[in-house]
Amino acid sequence: MTPSYRSTQATQEPQCQESLFRLERRIIGGCVVILLAAIVLGSAGCSKLRNQNSTGGAGGGSTSSASANNSNTGPSSPPSSAVKGTPTTWEANATSLNGIDGQTFTLACSPGGTEHSVWGSDIYTADSSICTAGVHSGLITYQQGGTVNIELRPGRAIYGCSERNGVTTSDYGPYQHSFVFKTPNTEAVVREAEDQTPVLWNTSASIVGAETGKTYKFKCPPGGKESAVWGTDIYTADSSICNAAVHAGKLTSESGGSVTIELRPGESSYKGTTRNGIKTNDYGAYGRSFVVQ
C-alpha cells in the first residue's frame, strides 16, 4: 500500500468514526425525547382518567366539583325517610295514640282512603279520624294519601263543623281531648276557630251548654240553606243558629258571616213569623232558648 493511499485512509477513518458517533448521539437523543414525550402523555392520560373517575360516579362517596355545581340549581329534595311517618289506618283516631297533651305525631295515611267520622273544624275531637280530618284540612287526599303532623291538645266545650274538600264534619259539645294539625299557620287557624266557632246552616244552639247569660260567637258560611227555626226574637235552643240570625236581620244567607248568641231560659211558648225571607214556626213550652245579639 502506497503512502498516499494510507494517508487518505487514515484521514477518512476518523471522519467516519466521528460521523458514526454523531449519528449515535442523535439517535440516543431522539429516543430520549420520544421516551420523555411518552411519559408526559401517559401522565396526562392517567391524570384525566383520575379526574373522570372522581367526578363521574354517583356512588363514589366523595365530594366533587360536579356535585358542587349541582347545588346551584336549588335545594335538593329531603330524603324519603325525612317525610315518612308511622303508617296508620283511615279509621284510626288520636285517642288510639295514647299520648299526652302537647305531644306530636307524624302519621302516614295510605293511598285509596275512605271517609270516616270527624267532629270539629280545625280543632278536632280526639276520637275523630285523623286521615279524614287531614283531607278536610286540605293537607292530603283520599286518592294519594300522605303524611300529616298532629299535636294533641286539651278538650274544649264546643267543636264546630264545616264542609271542606269534600268532607263534611259534625259539631259536638264538650269533649275531653282534641288535636290540631301542625302547619306554619297552626296558631292563627286555631285562634280563629276559638274566636268564632264555624258552623253549618243546620247547626242548632243545642251544641252549647245551658249556662244562662253566656254568649257564643259562631261563623256561618256563605250560600245558606234553609233549616228549621222556632220563635221570634227568642228562639228555641234547637233552632238553626244561622237561619235565626238571618231572621233577626244580623246577616244574609248569601254572604253568611259572624253571629253572637246569648243563652236564655226556656219560654212557655214561641211565636213564629216571616222576616228577611225566613219563616219561623210556632211552638209550645221549651226548656232552653237563645237570642241573637
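**Exercise 1.** Which side chain meets Arg264 in a salt bridge?

*Solution.* Begin with the basis of the work: this is a predicted model in which local features need pLDDT of at least 70, side-chain atom pairs count only at pLDDT 80 or more, and totals for chains, interfaces and linings use all residues. Residues are numbered from 1 along each chain as its sequence is written, and side-chain values use heavy atoms, with hydrogens and water left out. Next, apply the criterion for a salt bridge, namely a side-chain nitrogen of Lys or Arg within 4 Å of a carboxyl oxygen of Asp or Glu. The partner of Arg264 is Glu262, at 3.4 Å from N to O. By this rule, the count comes to ten salt bridges.

**Exercise 2.** Find the salt-bridge partner of Lys182, and place both residues in the fold.

*Solution.* Lys182 pairs with Glu151, their closest N and O atoms being 3.1 Å apart. Lys182 lies in the loop between strand S8 (175–181) and helix H5 (186–195), whereas Glu151 belongs to strand S5 (residues 146–156), so the pair ties together parts that are 31 residues apart in sequence. Here helices (H or I, at least four residues) and strands (E, at least two) are DSSP runs, numbered from the N terminus.

**Exercise 3.** Is Arg153 buried or exposed?

*Solution.* Buried means under 20% relative accessible area, exposed over 50%, and partly exposed in between (1.4 Å probe, protein chains only). At 16% relative accessibility, Arg153 counts as buried, while its salt-bridge partner Glu187, at 2.8 Å from N to O, is partly exposed with 39%. Finally, salt bridges that share partners join Glu151, Arg153, Lys182 and Glu187 into one network.
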